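Biologist: Could you take one part of this model and go through it slowly with me, as you would for a student in the first year? I would like to hear about the cysteines, and then about the helix that one of them belongs to and the contacts around it.

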Amino acid sequence: MPQDPQPPLAVVRQQASLGAAGDLDFALAMLDAARAGNLGPTLRLYRPQPTVALGQRDARLPGFDAAAAACRAQGFEPLVRKAGGRAAAYHRGCLVLDHVEPDSEGVAGSRPRFAAFGELYASALRAAGVRAAMGEIPGEYCPGEFTVHGTTGTGRKIKLVGTAQRVVAGAWLFSSVVVVQDAAPLRRVLTGCYSALGLDWNPETAGAAEDAGTAGTNVSVDGVEAALIAAYSASRPVVPGSFETLAASLDSHSATVQNTAPVQ
């Protein structure tokens with residue numbers, strides 16, 4: 001029997017960062033609204049402030065405080081994310097995608113979701129003129145089986161996309177960071193952070209999509225964003241959304257939750 005068509009995905013462009021913590025909190029608010037049935041499939045895209053998102057395991061290491069100080073010294077705000085993984089750095093040369101879906105079977109699809117999004121992002125980057133593929137590379141920061149990596153003109157493998165997800169009863173959040181331009185500050189801050197944490201990694205694995213562009217290709221954040229939205233559009237219906245409308249709906253959801261919460 002034919003599968004039911006996927007519901008439309010609202011694509012929301014957030015023009016200005018809410019700050020490192022505010023951007024992460026907004027994604028979690030989206031997840032909570034989707035879990036409660038107050039938000040449909042939504043993809044938020046934005047360019048972040050300089051941030052190092054550390055994992056839960058990082059926060060338990062004895063060098064965590066020193067790592068956080070090393071990040072701040074480089075102008076990056078250290079935060080601990082609720083999803084898994086190790087420390088990952090990003091700035092305004094990157095594009096963050098937060099994809100939220102209501103889903104009663106979210107846990108069962110966790111691993112296939114990593115693979116599907118990895119393939120989607122790799123194909124979008126190739127369409128943008130980047131030599132991209134999926135698969136972990138030796139020595140990478142925040143290692144993962146479904147890393148999207150690129151190959152420079154000299155054959156060096158560099159990490160381009162890091163992904164993480166959070167699944168709750170009734171919904172999931174899939175967050176991705178695409179490093180498009182200006183990898184040098186990311187290498188510097190990750191070097192200090194990983195050294196303080198006592199974790200091994202190879203700084204040569206930190207790069208940007210522009211480093212893996214094919215000859216004559218101008219790789220930009222806007223171009224990569226357009227390629228990603230086109231890739232989504234090829235697999236399901238996509239409709240434009242408004243960040244202001246989304247933010248207002250989350251405020252309304254939060255107010256409803258607070259008004260119906262039991263008295264402690």
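Modeller: In this predicted model, the sulfur of Cys71 has its closest cysteine sulfur in Cys193, at 4.0 Å, and that is too far for a bond. A disulfide is a covalent bond between the sulfur atoms of two cysteines, and the cut-off used here asks for sulfur atoms within 2.5 Å, so the pair Cys71 and Cys193 does not qualify at 4.0 Å. Cys142 is in no disulfide either, for the nearest cysteine sulfur, again that of Cys193, is 11 Å away. The structure as a whole holds 0 disulfides. As for their surroundings, Cys71 counts as buried at 0% relative accessibility, and Cys142 also counts as buried, at 12%.

Cys71 belongs to helix α3, residues 64-73, where the buried residues are Phe64, Ala67, Ala68 and Cys71. These residues cover an arc of only 100 degrees around the axis, which puts them on the same side of α3. The spacing helps to explain the pattern, because an α-helix has 3.6 residues a turn, so residues three or four places apart point the same way. On the face turned away from the buried side, α3 carries the exposed residues Asp65 and Ala73. The buried residues of α3 pack against β3 (51-54), α2 (56-59), β4 (77-80) and α5 (184-197). After α3 comes Gly75, with a positive phi near 85 degrees.

One of those packing partners, helix α2, leads us to a charged contact. Side chains of opposite charge can pair when their charged atoms come close. Arg86 and Asp58 meet in this way, in a salt bridge with N and O 2.8 Å apart. Because Arg86 lies in the loop between β4 and β5 (88-90) while Asp58 lies in helix α2, the pair ties together parts that are 28 residues apart in sequence. Both partners are buried, Asp58 with a relative accessible area of 0% and Arg86 at 16% relative accessibility.

This salt bridge is one of 10 that the structure holds. Another joins Lys159 to Glu140, whose closest N and O atoms are 3.4 Å apart; that pair links strand β9, where Lys159 lies, with the loop between β7 and β8, where Glu140 lies, 19 residues apart. Lys159 and Glu140 are both buried. Elsewhere, Asp23, Arg44 and Asp98 are linked in a network of salt bridges.

How values were computed:
Residues are numbered from 1 along each chain as its sequence is written. This is a predicted model: local features need pLDDT of at least 70, side-chain atom pairs count only at pLDDT 80 or more; totals for chains, interfaces and linings use all residues. Side-chain values use heavy atoms; hydrogens and water are left out. Buried means under 20% relative accessible area, exposed over 50%, partly exposed in between (1.4 Å probe, protein chains only). Helices (H or I, at least four residues) and strands (E, at least two) are DSSP runs, numbered from the N terminus. The arc is that of the directions from the helix axis to the C-beta atoms. Contact means heavy atoms within 4.5 Å. A salt bridge is a side-chain nitrogen of Lys or Arg within 4 Å of a carboxyl oxygen of Asp or Glu.
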